[in-house]
Amino acid sequence: MKQKFETLSVHAGAAPDPTTGARATPIYQTTAYVFDDVDQAANRFALSDPGNIYSRITNPTQAVLEERIAALEGGSAALATASGHAAEFLAFQTLMEPGDNFIAARQLYGGSINQFTHTFKSFDWHVRFADANDASTFEAQINDRTRAIFIESFANPGGIVVDIKKIAKIAQKHNIPLIVDNTMATPYLIRPFEHGANIVVHSLTKFIGGHGNSMGGIIVDGGNFDWKQSGKYPKITEPRPDYAGLVASDAFGNMAFALTARILGMRDLGPTISPFNAFLILTGVETLPLRMQRHCDNALSVATFLENHPKVSWVSYSGLKSNPYHALQQQYAPNGAGSVFTFGIKGGYDACVQFVSKLGLFSLLANIGDTRSLVIHPASTTHRQLTDTQKIAAGAGPDVVRLSIGIENAADIIADLEQALAII
Ligand SMILES: *Cc1c(COP(=O)(O)O)cnc(C)c1O
């Protein structure tokens, strides 16, 4: 019988250390690995022996993390990276050539919008933004240089649930992969491959690590895209002179994407996760199902409290029956609606600034997915440089407060919000 999610969270990819018997996965804090002899060394460099060479490319602690997340997502293989942004970068680097484009939802983490809009331009990669609420806006922008579609499952700034199946159909029709950033949902709530996605990326920094103590990212290969037949991805399907003519799609089967990202992108660009961070994140993964359920249960209690508070003008949380995304949330994420959402305070900008400064249990900071409850007022911080019109378009109007609800006791979280709302 296939093991269940909770069991995989604890065990997938791990076994007692064969030399010491250590039960927890050790931190293999080493740069390089001794070869038995020259033949073995030669075979490793030729990829005919899959063993370790150098920790930029593979590391045993990192390998357990990769196998575990691949198992939780239902993918064929994974590549861990130094951060979520590094995962996005290497995923695109594997797919794109200069002059290519991709279609991305407009409703994304702000850092991804920056990366796509400004920095990718210097590689001659071009983003075209579409509306996550309307699949036809993706299709309308596809041309013969389009190499991927990129969406978030639960989209920023919180409260939006994307209809993954509809967008996957368009990607399929045009023979390009659908990449889903599954950071806000985690595989506990949504497994995008079950809905037609081909590649999943994560910021492990958020709920998967879960404790606000380490940066990390990961690319997961769905193993369900025919690169050869598509013919648009030379890094995956053309012979590699640096590996004696090896063709990744022939040599690596359904792991061709993840392995190409490793042996070309990671090898040459190098945003490797440290073994120590891989260890901390792996420890976090063991309790992912417990934490996510608590995050969701607490968030629903908090959203319900806020919805009924006289100083609150609106709450954007798909777990609420009144929310326009509630039906999609029930379809895609029946276990819960996540813990990141926004709400509006009637007094506007000044009331929001006063509110966040009066909170005690909540930490005012720019992060999500910590065990601790977090708050930010985007208009005075992350979106400060935008005009009022731009702020409203980005979901960061003057009255918007964003919460990431932690795993404390819900009554304590609500009490903190209540006392701060009472003061304004
Ligand atoms: C934080 C985040 C990222 C970027 O990840 P880092 O680990 O901070 O580099 C990407 N996507 C989403 C949805 C995020 O929340």
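A salt bridge here is a side-chain nitrogen of Lys or Arg within 4 Å of a carboxyl oxygen of Asp or Glu. Keep that in mind as you work through this predicted model.

**Exercise 1. Find how many salt bridges the whole structure holds, then examine the pair formed by arginine 191 and glutamate 194.**

Solution.
- Step 1: A search of the whole structure gives 14 salt bridges.
- Step 2: In the pair of arginine 191 and glutamate 194, the closest N and O atoms are 2.9 Å apart, and the cut-off is within 4 Å, so the pair qualifies.
- Step 3: Now check exposure. Exposed means over 50% relative accessible area and buried means under 20%, with partly exposed in between. Arginine 191 has 26% and is therefore partly exposed, whereas glutamate 194, with 54%, is exposed.

**Exercise 2. Work out which helices are tied together by the salt bridge of aspartate 250 and lysine 228.**

Solution.
- Step 1: The two side chains meet with an N to O distance of 3.0 Å.
- Step 2: Aspartate 250 belongs to helix H11 (residues 248-251) and lysine 228 to helix H9 (residues 227-230), so this salt bridge ties together parts that are 22 residues apart in sequence.
- Step 3: Aspartate 250 is exposed, at 51%, and lysine 228 is partly exposed, at 45%.

**Exercise 3. Starting from arginine 240 and aspartate 242, trace the network of salt bridges.**

Solution.
- Step 1: The side chains of arginine 240 and aspartate 242 form a salt bridge, 3.0 Å from N to O.
- Step 2: Shared partners join Arg240, Asp242, Arg267 and Asp268 into one network.
- Step 3: Arginine 240 is partly exposed with 21% relative accessible area, and aspartate 242 is partly exposed with 34%.

**Exercise 4. Describe how the protein surrounds the ligand.**

Solution.
- Step 1: Start with the shell. There are 16 residues around the ligand, and Gly84, Asp181, Ser203, Thr205 and Lys206 come nearest.
- Step 2: Sort the shell by character: three residues are nonpolar, nine polar and four charged.
- Step 3: Ask which element gives the largest share. Helix H4 (residues 84-95) does, with three residues.
- Step 4: Look at the polar contacts. A polar backbone atom of glycine 84 is 2.8 Å from a ligand oxygen, and a backbone N or O atom of histidine 85 lies 2.9 Å from an oxygen atom of the ligand. Serine 203 uses a polar side-chain atom, 2.8 Å from a ligand oxygen.
- Step 5: Finish with the surface. The ligand taken alone exposes 380 Å², and the protein buries 94% of that.

**Exercise 5. Place serine 203 in the fold and decide whether serine 203 is buried or exposed.**

Solution.
- Step 1: Serine 203 sits in strand S8 (residues 199-203).
- Step 2: Its relative accessible area is 11%, so serine 203 is buried.
- Step 3: Leaving out residues up to four places away in sequence, serine 203 touches Gly84, Thr183, Gly216 and Gly217.

**Exercise 6. Examine the backbone of aspartate 124 and alanine 244, which have positive phi.**

Solution.
- Step 1: Recall the background: most residues other than glycine have a negative phi.
- Step 2: Aspartate 124 has a phi of about 65° and lies in the loop between helix H5 (110-119) and strand S3 (126-130). Aspartate 124 is partly exposed, at 34%.
- Step 3: Alanine 244 has a phi of about 50° and lies in the loop between helix H10 (234-237) and H11. With 80% relative accessibility, alanine 244 is exposed.

How values were computed
Residues are numbered from 1 along each chain as its sequence is written. This is a predicted model: local features need pLDDT of at least 70, side-chain atom pairs count only at pLDDT 80 or more; totals for chains, interfaces and linings use all residues. Side-chain values use heavy atoms; hydrogens and water are left out. A residue is near a molecule or strand if one of its heavy atoms lies within 4 Å of it. A polar contact is a pair of N or O atoms within 3.5 Å; within protein, one must be able to donate a hydrogen and the other to accept it, and residues adjacent in sequence count only if both atoms are side-chain atoms. Accessible areas come from the Shrake-Rupley method with a 1.4 Å probe; for residues, only the protein chains shown count as cover. Helices (H or I, at least four residues) and strands (E, at least two) are DSSP runs, numbered from the N terminus. Ala, Val, Leu, Ile, Met, Phe, Trp, Tyr, Cys and Pro count as nonpolar, Asp, Glu, Lys and Arg as charged, and the others, Gly among them, as polar. Buried means under 20% relative accessible area, exposed over 50%, partly exposed in between (1.4 Å probe, protein chains only). Contact means heavy atoms within 4.5 Å.
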